[in-house]
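Thanks for making the time this morning. I would like to take you through one structure, and I will go slowly enough that you can follow along on the screen.

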Amino acid sequence: MNPIQIYFMSKLKVGVLASGRGSNLQALIDAINKKEVDAQIAVVISNKGDAQALDRARKHGINAFFINPSDFEGRDAYERRLVEILDEHEVGLVVLAGYMLIVGKLVLEAYRNRIINIHPALIPCFPGLRAQKQALDFGVQYSGCTVHFVDESLDSGPIILQAVVPVFENDTEELLSKRILEEEHRILPKAVKLFSENRLKVDGRRVRLT
Ligand code: GRF
């Protein structure tokens, strides 16, 4: 048996990076607790001390760390610490769940093809901040959310799953965000499940489901 096979025989340990509310983290915790996903959240790290995500993690007995980027001299030093913590927790998959910083090369290199992000738009449309507002302003009739692998580009790595929602005539940013968020909570755990079952193969821009 090769090391990759052995690796996938043990339960996947997930490290979650989050900056705020943590509702996607919660959806993942719930899916794991309901045994819909056979994985374990080994650690949650936030760049914000007051992130609700940290409280949610602690409430469920998950190790949670606030790592303040301004305590470090530059992004590399900060990311070196992130990698250290992720490695210490034997993380096999990093999930960005509302992580508001761009992932730099140290984390990318350490976890190549093992970092996924949830973005509240159908990429490649509307990368970056306030994607739901961007969609409304553009006048699209449909938007949605995407779980994708993270690479050097912003919100545009290979797509794992997408979900579409309609945009209504009288939508506000808040209403559309809420409609999209429901789908985020559905597809993020599903993507983690597929990863944990070793069913995702990255082939150039395509993610093939095996
Ligand atoms: C979500 O809309 C996610 O798609 C985006 O940031 C938001 C985070 O929400 N990247 P939460 O912290 O998971 O509630």
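**Salt bridges, the ligand and an unusual loop**

Let me begin with Glu152, which is exposed, with a relative accessible area of 56%. Before I go further, please keep in mind that this is a predicted model, and that what I say about individual residues should be heard with that in mind.

Glu152 is the partner of Arg112 in a salt bridge, and the closest N and O atoms of the two are 3.0 Å apart. This pair joins distant parts of the chain, since Arg112 sits in the loop between helix H5 (105-110) and strand S5 (115-119), while Glu152 sits in the loop between strand S6 (142-149) and strand S7 (159-166), 40 residues apart. Arg112, for its part, counts as partly exposed, with a relative accessible area of 41%.

How many salt bridges does the structure hold? There are 13 of them, and I will pick out two more. Asp203 and Arg208 meet through their side chains, with an N to O distance of 2.8 Å; Asp203 is partly exposed at 41% relative accessibility, and Arg208 is partly exposed as well, at 40%. Glu197 forms a salt bridge with Arg199, the closest N and O atoms being 3.6 Å apart, and these two residues belong, together with Lys193, to a network of salt bridges. Within that network Glu197 has a relative accessible area of 36%, which makes it partly exposed, and Arg199 is likewise partly exposed, at 31%.

Against that background, consider an arginine that has no such partner. Arg56, which is found in helix H3 (residues 52-59), is buried and yet has no salt bridge, the nearest side chain of opposite charge being that of Asp30, 7.1 Å away. Because a salt bridge requires the nitrogen and the carboxyl oxygen to be within 4 Å, Asp30 at 7.1 Å does not qualify as a partner for Arg56. What does Arg56 touch, leaving aside residues up to four places away in sequence? The contacts are Arg21, Gly22, Ser23, Leu25, Gln26 and Ile29.

Some of those names come back when we turn to the ligand, which is surrounded by Arg21, Gly22, Ser23, Asn24, Gly98, Ile118, His119, Pro120 and Glu184. An N or O atom in the side chain of Arg21 is 2.6 Å from an oxygen atom of the ligand, whereas Gly22 approaches a ligand oxygen with a backbone N or O atom, at 2.8 Å, and Asn24 also does so through its backbone, at 2.9 Å. Taken alone, the ligand exposes 370 Å², and the protein buries 87% of that area.

I will finish with the backbone. Most residues other than glycine have a negative phi, and most peptide bonds are trans. Where, then, does the chain depart from this? The peptide bond from Ile123 to Pro124 is cis, with omega near 15°, and Pro124 is found in the loop between S5 and helix H6 (131-138). Phe126, placed in the loop between S5 and H6, has a positive phi of about 55° although it is not a glycine, and Arg130, which also lies in the loop between S5 and H6, has a positive phi of about 45°. Are these two residues buried or exposed? Phe126 counts as buried, at 11% relative accessibility, while Arg130 counts as partly exposed, at 48%.

Conventions: Residues are numbered from 1 along each chain as its sequence is written. This is a predicted model: local features need pLDDT of at least 70, side-chain atom pairs count only at pLDDT 80 or more; totals for chains, interfaces and linings use all residues. Side-chain values use heavy atoms; hydrogens and water are left out. Helices (H or I, at least four residues) and strands (E, at least two) are DSSP runs, numbered from the N terminus. Buried means under 20% relative accessible area, exposed over 50%, partly exposed in between (1.4 Å probe, protein chains only). Lys and Arg count as positive and Asp and Glu as negative; His and the chain ends are not counted. Contact means heavy atoms within 4.5 Å. A residue is near a molecule or strand if one of its heavy atoms lies within 4 Å of it. A polar contact is a pair of N or O atoms within 3.5 Å; within protein, one must be able to donate a hydrogen and the other to accept it, and residues adjacent in sequence count only if both atoms are side-chain atoms. Accessible areas come from the Shrake-Rupley method with a 1.4 Å probe; for residues, only the protein chains shown count as cover.
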